[in-house]
Amino acid sequence: MAEIHLEHVSKRYMEERRPTYAVRDVSLTVEQGEFVFLIGSSGAGKSTLLRLMSGELAPDEGTVCLNNANMARLIGPWRVRAARTFGVVSQQGLLIRKRTVGENLMLAASAAGMMRRKGREAVKKALGIVGLPGVEACYPAELSIGESRRVELARAVLNSPSILLLDELTANLDDDVIWDLLHLLNELNARGTTIVMATHASQYVNILRRRVITLVDGKVAGDVKNGKYGDIVG
């Protein structure tokens, strides 16, 4: 089981030599097996909050805990083990254009500590999960935007993580591709994978009716079970 707990978490950055909060005094818990939509306007703090959850960023105030362990205090093998709990798809695509899909995913498998044979098996399985079997020899430029996002998702699930943190996975995709991705995410969630997904796709949030956390100016303005886009209640 993997639970994320944030207690009075804030993150600042400097703007014109003045501190500005990207995330301010956020307290929340995401339990194992939840499916959470993280919504808010551009600049509301969604991406920063996901990076805080994964441990990529350390908070300036407050604590981020994974199973009661303060992630900012983890070092060495404990930090590596915690990092492997998460599969992450960032808002910006990170595929290396001069490497094939297979090579991109094998790099991720190696970074996750897999030996070559196990890595090849994991790559094949992950591409099958996202509905792209047999594309290992393709280069990213040969894929559609939707296929590229599926490869990014395949990389995120390579190590069978307990938690997926997804930043605008469905941005700039057509409706059919979005539905296919959400169907896939629902299947992963049904198998026990926790999903936290930052999105602007309001119509899909409204249809799926999962937990909806709304950020406004870095603060939690709403946290609603079975919520809709724009619900501002706690």
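Helices (DSSP runs of H or I, at least four residues) and strands (runs of E, at least two) are numbered from the N terminus. With these names in mind, the tour can begin at Thr85, which lies in the loop between α2 and β6.

The model on display is predicted, so local features need pLDDT of at least 70 and side-chain atom pairs count only at pLDDT 80 or more, while totals for chains, interfaces and linings use all residues. Residues are numbered from 1 along each chain as its sequence is written, and side-chain values use heavy atoms, with hydrogens and water left out.

**Stop 1: Thr85**

Select Thr85 and show its surroundings. Is this residue buried or exposed? Thr85 is buried, with a relative accessible area of 15%. The term buried means under 20% relative accessible area, exposed means over 50%, and partly exposed lies in between (1.4 Å probe, protein chains only). Leaving aside residues up to four places away in sequence, Thr85 touches Ala2, Leu66, Pro161, Ser162 and Ile163. Here a contact means heavy atoms within 4.5 Å.

**Stop 2: the loop between β4 and β5**

Move next to Asn67, in the loop between β4 (61-66) and β5 (69-70). Most residues other than glycine have a negative phi. Asn67, however, has a positive phi, near 50 degrees. This residue is partly exposed, with a relative accessible area of 40%. Asn68 lies in the loop between β4 and β5 too, and at 75% relative accessibility it counts as exposed. Now add His5 to the selection: its C-alpha atom is separated by 7.6 Å from that of Asn68, although the two are 63 residues apart along the chain.

A further positive phi can be found at Asn226, where the value is near 55 degrees. Asn226 is in the segment after β10 (219-224) and counts as partly exposed, at 43% relative accessibility.

**Stop 3: the largest pocket**

Rolling a probe the size of a water molecule over the atoms shows where empty space is left. A pocket is found on a 1 Å grid over the protein atoms alone: it is an open set of points where a 1.4 Å probe fits, with protein on both sides within 12 Å along at least five of seven lines, and its lining residues have an atom within 4 Å of a point. The largest pocket has a volume of about 740 Å³, the volume being the space filled by probe spheres set on the points, which are joined across faces, edges and corners.

Which residues should be selected to reach the centre of the largest pocket? Of its 28 lining residues, Ser54, Ala83, Phe86, Gly87 and Val88 are the closest to the centre. Two or more lining residues come from each of α1 (46-54), α2 (76-83), β6 (86-89), α3 (101-111), α5 and β7.

**Stop 4: helices α1 and α3**

Select α1, where seven of the nine residues are buried. They are Lys46, Thr48, Leu49, Leu50, Leu52, Met53 and Ser54. After α1 comes Gly55, with a positive phi near 90 degrees.

In α3, the buried residues include Val101, Gly102, Asn104, Leu105, Met106 and Ala109. Their cover includes α4 and α5. Gly113 follows α3, and its phi is positive, near 90 degrees.

**Stop 5: helix α6**

Select residues 175-190, which form helix α6. This helix has 16 residues and reaches 22 Å from its first C-alpha to its last, close to the 22 Å expected at 1.5 Å a residue; the expected span is 1.5 Å times one less than the number of residues. Colour Ile178, Leu181, Leu182, Leu184, Leu185, Leu188 and Asn189, which are buried. These residues lie on the same side of α6 because they cover an arc of only 160 degrees around the axis, taken from the directions from the helix axis to the C-beta atoms. On the other side, Asp176, His183 and Ala190 are exposed. The cover of the buried residues of α6 includes β3 (35-39), α4 (116-129), α5 (145-157), β7 (163-167), β8 (194-198) and α7 (202-208). α6 is followed by Gly192, with a positive phi near 110 degrees.

**Stop 6: Lys124 and Leu132**

From Ala190, go to Lys124, whose C-alpha atom is separated from that of Ala190 by 22 Å. Lys124 lies in helix α4 and is exposed, with a relative accessible area of 63%.

The last selection is Leu132, in the loop between α4 and α5. Leu132 is buried, with a relative accessible area of 9%. Apart from residues up to four places away in sequence, Leu132 touches Leu127, Glu147, Arg150 and Val151.
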